[in-house]
Amino acid sequence: MSSLPTVATVIGSGTMGPGIAATLARAGSTVRLYDISEDAIARAEAAYGVVQGVLEAVDSPSAPGGSVTFGTDLDAALAGTELIIEAVPEKLELKQKVFADLEARVGDDVIIATNTSGIPISTMAKSLTVPGRLIGMHWSNPPHLIPMIEIIPGEATDPTLVDKLAEIVKAFNYVPVIEKEIPGFVENRVLYAILRECMALLEEGIVTPEGLDAAVKWGIGYKLSVVGPTRLLDMAGLDIYQAVSSYLNKDLDNSTDTPQFIKDKIAAGELGFKSGAGMYEYGEGDVDAKRKEIITGLIAARKTLSTIPNV
């Protein structure tokens, strides 16, 4: 018997919503994607078509019976649901309001999973009437292409939900990573540790953005996409790690604030893709072309890596 919910609801149709909904539907669930905004729902429907094309490109298995509907009627979106995935903006007060609206409309046995990327699960759970039903389910962006999900129970989370959610994740062929609660969770902590050192190297003028991207993409990313960090230590030798880390760790950046040059770019309105300038400059059409290039690369990598044993 499948561990997948027959009916699932995704609350929030922004960046992550269409990809999450498509992934579940592809596996056979009936999914309702809800948002308060008609415009947001229209954008989500358009994005969903693109996401479906990507899932076809990565040869994602398609089970019968799956579907996605889009709407602004919350009661309709929640009717008969077994799993709610909250994917609204990262504002504690907003999430707490959403949870209150959800709990007023569903039974106590309905799981509420939050896709927060950093707000503590235990903090959010304090506003729920049934705090044991809340659990972290952190998808990585783009959610329909990155087949790994972090599962994070809070202090009050019902322990049985951890295994139950892990089985749901496995049912749509993703890898569940069960973690203890910690700010940023595992993926973002490792990512931001890398980014901190990268920004320090740029600020000190050690390397150009182009050189940095090449070094990390091919020297680190290529390797780590096949061999995880702990396996890499075994491959290199723990004695080698001790020898290098004993002097290099002392020299690594340990700043606790955002670098000033990043703050200056933000103040100048240079935010990246969304503004046409950031770490790089983008001319007309460049951002769309770069997005397409990135998705194409992720599709190729996913198809290749799916044939390589895990970890």
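In this predicted model, strand 6, which spans residues 134-139, is largely enclosed by the rest of the structure, because six of its six residues are buried. In a regular strand the side chains alternate between the two faces of the sheet. In strand 6, Leu134, Gly136 and His138 lie on one side and Ile135, Met137 and Trp139 on the other, and with every one of these residues buried, both faces of the strand are covered.

The neighbours of strand 6 include strands on which bridges could be assigned. Strand 5, residues 111-114, pairs with strand 6 in the parallel sense over three bridges, and Thr114 stands opposite Gly136 of strand 6. Strand 7, residues 148-153, runs antiparallel to strand 6 and is joined to it by five bridges; here Met137 has Ile151 of strand 7 as its bridge partner.

Aromatic contacts were examined next. A pair of aromatic rings is described by the distance of the centres and the angle of the planes. The count comes to six aromatic pairs. One of them, formed by Tyr48 and Phe70, is edge-to-face, with 5.5 Å from centre to centre and 70 degrees between the planes. This pair links distant parts of the chain, since Tyr48 belongs to helix 2 (residues 38-57) and Phe70 to strand 3 (residues 67-71), 22 residues apart. Tyr48 has a relative accessible area of 12% and is therefore buried, whereas Phe70, at 22% relative accessibility, counts as partly exposed.

A further pair leads back to strand 6: the ring centres of Trp139 and Phe172 are 5.5 Å apart and their planes meet at 5 degrees, so the pair is stacked. Distant parts of the chain are linked by this pair as well, for Trp139 lies in strand 6 and Phe172, 33 residues away, lies in the loop between helix 6 (159-171) and strand 8 (175-178). Both Trp139 and Phe172 are buried, and together with Tyr174 they form one aromatic cluster.

A contrasting setting is found at the surface, where Ile240, Val244, Tyr247, Leu248 and Leu252 make a nonpolar patch of about 430 Å². Within this group, Tyr247 is located in helix 10, residues 238-248, and because its relative accessibility is 54%, Tyr247 counts as exposed. The tyrosines described here thus include Tyr48, which is buried, and Tyr247, which is exposed.

Definitions and conventions:
Residues numbered from 1 in each chain as written. Predicted model: local features only at pLDDT ≥ 70, side-chain atom pairs only at ≥ 80, totals over all residues. Heavy atoms only, no water. Buried < 20%, exposed > 50% of the residue type's maximum accessible area, 1.4 Å probe, protein only. Helix = DSSP H or I, 4+ residues; strand = E, 2+ residues; numbered from the N terminus. Pairing = 2+ DSSP bridges. Phe/Tyr/Trp six-rings, centres within 6.5 Å; stacked < 30°, edge-to-face > 60°. Patch = residues over 30% accessible without salt bridge, like charges linked within 9 Å, V, L, I, M, F, W, Y side chains within 5 Å. Areas by Shrake-Rupley, 256 points an atom, 1.4 Å probe, with all protein chains shown as cover. Salt bridge = Lys/Arg side-chain N within 4 Å of Asp/Glu carboxyl O.
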